Amino acid sequence: MATGRTHRPATRSRGIPEATVARLPLYLRALTALSERSVPTVSSEELAAAAGVNSAKLRKDFSYLGSYGTRGVGYDVEYLVYQISRELGLTQDWPVVIVGIGNLGAALANYGGFASRGFRVAALIDADPGMAGKPVAGIPVQHTDELERIIKDNGVSIGVIATPAGAAQQVCDRLVAAGVTSILNFAPTVLTVPDGVDVRKVDLSIELQILAFHEQRKAGEESAAAEAAAPAAARKESAEQGPDGDVPAVMPA
């Protein structure tokens, strides 16, 4: 997932590389599924497969957390859930505001996974006066005129932008000025932010275009393989035919 123009250094507290930080949620999701099934321990190979990474990379990532597992036993699932949750800051409640309550914003508001992962939707904000007061996911939408007050009253440091591209930068500037230091951007545009503000960009159209590229490449490879196989088959058939093309050139005695 692409990031915004500026963000914090490549390493975080305790020297954990940014690439490792990006994989921690994958491990946590896999571990949470194991925990829900009451699985007590898991090997690095099993957990790596569940998270979609290789086991050597997983062991290296966990070494940054000070967790090395037990030979012949593996990793304690519950302890790793706690350890990774703590490292990601999910052991506390994070109030979040969503700005732009169109189809995408409403879908995000209705997403049930926020609360179980340490996030609380503190407010839904939209520029349309006709939306004010309407409940979405049980939360009344508030007008953008109230944005600064809402952020201050709720102690919000994380904002989600789901507005059209043309409005995104202005919304971003207001969020930052009000004290928001982390932004998840769903608008199809690149945001400019000052140092000390993290931006994570989610662009669904870009992800689909990347998939289209891979589909086109696979189709091209299949077509090339078929074209290469056709002349080979023709040469084999020709070699098996006699001078008249109907019978083998050499008949058995």
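Two strands are said to pair if DSSP finds at least two bridges between them, and by that criterion strand β4 (residues 119-126) pairs with strand β6 (residues 139-143) in the parallel sense, over three bridges. The model described here is a predicted one. Its chain contains nine helices and nine strands, and 35% of its 253 residues count as buried.

**The chain as a whole**

- About 14,800 Å² of the chain is exposed, and carbon and sulfur atoms supply 57% of that area.
- Among the contacts in the chain with a separation of 6 or more, 56% come from residues that lie 24 or more positions apart.

**The sheet**

- Seven strands form an open sheet with mixed pairing, and their order across the sheet is β5-β6-β4-β3-β7-β8-β9.
- The edges are taken by β5 and β9 (198-201), each of which has a single partner strand, so one side of each is left without a neighbour in the sheet.
- Helix α7 (residues 147-154) packs on this sheet and touches β3 (94-99), β4 and β6, with a direction that makes about 165° with that of β4.
- Helix α8 (residues 165-177) also packs on the sheet, where it touches β3, β7 (158-161) and β8 (182-185), and its direction makes about 170° with that of β7.

**Strand β6 and its two partners**

- On the β4 side, the parallel pairing includes a bridge between Ile-125 and its partner in β6, Gln-142.
- On the β5 side, strand β5 (residues 135-136) runs antiparallel to β6 and is joined to it by two bridges.
- Pro-135 has Pro-140 as its bridge partner in β6, while Val-136 stands opposite Ile-139 in that strand.
- β5 and β6 together form a hairpin with two residues between them, and in its turn Ala-137 has a positive phi of about 55°.

**Gly-100 and its surroundings**

- Gly-100 is found in the loop between β3 and α5 (103-109).
- With a relative accessible area of 7%, Gly-100 falls under the 20% limit and is therefore buried.
- Leaving aside residues up to four places away in sequence, Gly-100 touches Gly-105, Ile-125, Asp-126, Ala-162 and Thr-163; one of these, Ile-125, is the residue whose bridge partner in β6 is Gln-142.
- Gly-100 and Val-141 are 41 residues apart in sequence, and the C-alpha to C-alpha distance between them is 9.7 Å.

**Helix α3 and its contacts with α2 and α1**

- The axes of helix α2 (residues 44-51) and helix α3 (residues 55-64) come within 8 Å and cross at roughly 100°, which makes α2 roughly perpendicular to α3.
- In this contact, Ser-44, Glu-45, Leu-47 and Ala-48 of α2 meet Ser-55, Leu-58, Arg-59 and Phe-62 of α3, and the residues involved divide into four nonpolar, two polar and two charged.
- Helix α1 (residues 18-36) packs against α3 at an angle of about 105°, with the two axes 11 Å apart, and α1 and α3 are therefore roughly perpendicular to each other.
- Here Thr-20, Arg-23 and Tyr-27 of α1 meet Lys-57, Leu-58, Asp-61, Phe-62 and Tyr-64 of α3, and by class this contact has four nonpolar, one polar and three charged residues.
- Leu-58 and Phe-62 of α3 take part in the contact with α2 and also in the contact with α1.

Technical notes:
Residues numbered from 1 in each chain as written. Predicted model: local features only at pLDDT ≥ 70, side-chain atom pairs only at ≥ 80, totals over all residues. Heavy atoms only, no water. Helix = DSSP H or I, 4+ residues; strand = E, 2+ residues; numbered from the N terminus. Axes fitted to C-alpha atoms, helices over the stretch in contact; angles between N-to-C directions. Parallel < 35°, antiparallel > 145°, perpendicular 65-115°, else oblique. Contact = heavy atoms within 4.5 Å. Nonpolar A, V, L, I, M, F, W, Y, C, P; charged D, E, K, R; others polar. Buried < 20%, exposed > 50% of the residue type's maximum accessible area, 1.4 Å probe, protein only. Areas by Shrake-Rupley, 256 points an atom, 1.4 Å probe, with all protein chains shown as cover.
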